[in-house]
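Welcome! Take a moment to look over the structure below, and then we can walk through a few of its parts together.

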Amino acid sequence: MKRKILPVIVALLLIAVIGGVWLGGRLYDRYSYSRERADLDAYFQVSGEQAAIILQDEMVEEKAIVRDGICYFDLATVHKYFNEIFYADRSENLLLYTTAVETYRSGIGESSYSSNTDSQDYGYAISFIENDTVYIAADYVKKFTNLSYEIYDRHVQVYTQWGEKRVADVNKDTWVRELGGVKSPILRDLSEGEQVEILEEMDTWSKVKTADSIIGYVENKRLANESTVQETPVTDYTAPEYTSIAMEGKVSLGWHSIGGAAGNDTLESMVSGTKDMNVIAPTWFSLNDNEGNFRSFASSEYIQRAHAMGLQVWGVWDNFNYRNETGEQVDEYQVLSVTSKRQKLVQGIVDTALSLGLDGINIDFEQLGVDSGTHFVQFLRELSVLCRANGLVLSVDNYVPFNFNDHYRLDIQGQVVDYVIIMGYDEHWHGSGDPGSVASIDYVSNGIAKTLEEVPAGKVVNALPLYTILWKTEGTTVTDEYITIRNTEEFLTRMNVTPQWDEETCQNYAEWSDGTATYQIWIEDEDSISVKLNVMSAQGIGGVAVWRLGYGTEGVWELISAYVNS
């Protein structure tokens, strides 16, 4: 009997031992610490000269290049995270940086830069082009930017902000792992006594950053002496100061439309119907080629007469009137995107303004494409430097802001120019084939509100239309014509039409038919202008402009006078 039982017992013991070994193996596999090392190239997603960018406490998708020990960021990364002001001219192989007072200039691929007050040779390329991408040395970016950086083996740590951080000491040799869990691959060994920054604390693991900016996970039981420390900010950077010229009180500007030298003789007649206007802006100058030149109807004698009336004169430079007058094509992109042409235009504008005795410059570049946006902003930066140095007021005309025209960059204009003028009209415009108001109250008030999100209130001027549009719809054909405020009442009387107030647009509205066509008109008059001025007053903006002189009535100018003096 014993002989029969013994083999069974042995078999059971063997099964128990094998099961125990198997279970122990499973438990060991599950709970033992893996010694697998992470592939750091894969972790940082880099190869060759690439280096991951750790910005603050996060690895961003863009990469740096480390070449011969020098760190470079591509221009798009610099613009996105660090500094938008760097400007690359690919046509003339230049890298520019324009401050409030001067422009720093460096040839792409060269080791030195120069400005009116400073020059230096870095001993290595400040910038270069590779795979159609412009790269800028981190030290050159840092010269103009509030940042610090440190280069490591496969990554670069960059800080642009500094504050308090939570830290802890490592109380026993351990590892930083890619994820929380003992089986996750090891990123780095940690020695007892090292300090790590705690980014996120969980139940048993914490997300940490090491002194060399490896971000991973450590068991909480390996951390001790948690505390808060203050990060040391950059102290060798001084932010530029953009000074501005501000008029005493509100701006009250009238554009004087001048289509030839003879138009200068109409100054007195245009001003005679106004009240408390303090700036006149004659449309004298227009781009007339692709080289940075412009045609002029300007008259210093006109300026002297205007000054005698107590008016400042801001000459208008546009990009469309010469083209409209002659039919010749003028490509502002070709002017603005080439530094030699753009700077020729800038110098020409300022030299002309100073020689004539102008008080200010008004830039009216309309219908710029998105591809011109960066170059237009650089043009304004460079122009603002010379205007600031010579005491010239710089104002820029803009559309009511929408997503499709945000390349005009009101935020940057609000920093570098003196006045940002919003053309608060053309909600429905001549030739659009879409009957509607030229400037409903929602269109105007929303335009001002959006502008104020990006521009200081004192720099914002809202321009009013002293005209309306008569719309004629005949079948599917829509035509239109302008009617000035001063002529509207006579026109409605002649048509035997009595308008009614429309609360939605805050305008008087009239509609009638002659049997074959339907006519519609959203009227600009003293009633509608009064509502707009009330909105402007409530928003506390810097003033009013009107398009254009000769269109208004005595009553409208009384309202403008009351607004200016409120």
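Which residues of β12 lie on one side of the strand, and which on the other? This is a predicted model, and in it His155, Gln157 and Tyr159 sit on one side of β12 while Val156 and Val158 sit on the other, all of them buried. In a regular strand the side chains alternate between the two faces of the sheet. Strand β12 covers residues 155–159, and five of its five residues are buried.

**The neighbours of β12**

Two strands pair with β12. Strand β1 (residues 50–55) pairs with β12 in the parallel sense over four bridges, and Leu55 stands opposite Val158 there. Strand β11 (residues 148–151) is joined to β12 by four bridges too, but these two strands run antiparallel. Here Ser148 stands opposite Tyr159, and a hairpin of three residues leads from β11 to β12. Elsewhere, Asp41, Asp153 and Arg154 are linked in a network of salt bridges.

**A five-stranded sheet**

Now let us move along the chain. An open sheet of five strands has the order β30-β29-β33-β32-β31, with antiparallel pairing. Its edge strands, each pairing on one side only, are β30 (477–484) and β31 (500–502). From one strand to the next, the twist averages 25°. Helix α13 (residues 485–495) packs on this sheet, touching β29 (467–474), β30, β32 and β33 (518–523). The direction of α13 makes about 120° with that of β30. At the β31 edge, three bridges join β31 to the antiparallel strand β32 (residues 507–513), and Trp501 has Asn508 in β32 as its bridge partner.

**A helix with a buried face**

Helix α3 (residues 75–82) has Leu75, Thr77, Val78 and Phe82 buried. Seen down the axis of α3, the buried residues fall within an arc of 160°, so they line one face of the helix. What caps the N-terminal end of α3? Asp74 does, with a side-chain oxygen 3.1 Å from the backbone nitrogen of Ala76.

**Salt bridges**

Side chains of opposite charge can pair when their charged atoms come close. How many salt bridges does a search of the whole structure find? The search finds 29, and three of the pairs are shown here.

| Salt bridge | N to O distance |
|---|---|
| Arg67 and Glu130 | 2.9 Å |
| Arg305 and Glu268 | 2.8 Å |
| Glu325 and Arg295 | 2.7 Å |

The side chains of Arg67 and Glu130 meet in a salt bridge. This pair links distant parts of the chain, 63 residues apart: Arg67 is in strand β2 (residues 58–67) and Glu130 in strand β9 (residues 127–130). Arg67 is partly exposed, with a relative accessible area of 21%, and Glu130 is partly exposed at 27%.

Arg305 and Glu268 form a salt bridge as well. Arg305 lies in helix α6 (residues 300–308) and Glu268 in helix α5 (residues 267–272), so the pair ties together parts 37 residues apart in sequence. Arg305 counts as buried at 18% relative accessibility, whereas Glu268 counts as partly exposed at 36%.

Last comes the salt bridge of Glu325 and Arg295. Glu325 lies in helix α7 (residues 321–326) and Arg295 in strand β23 (residues 294–296), so this pair ties together parts 30 residues apart in sequence. Glu325 is partly exposed at 41% relative accessibility, while Arg295 is buried, with a relative accessible area of 9%.

Notes:
Residues numbered from 1 in each chain as written. Predicted model: local features only at pLDDT ≥ 70, side-chain atom pairs only at ≥ 80, totals over all residues. Heavy atoms only, no water. Pairing = 2+ DSSP bridges. Axes fitted to C-alpha atoms, helices over the stretch in contact; angles between N-to-C directions. Contact = heavy atoms within 4.5 Å. Buried < 20%, exposed > 50% of the residue type's maximum accessible area, 1.4 Å probe, protein only. Arc of directions from axis to C-beta. Polar contact = N/O pair within 3.5 Å; in protein donor to acceptor, adjacent residues only side chain to side chain. Salt bridge = Lys/Arg side-chain N within 4 Å of Asp/Glu carboxyl O.
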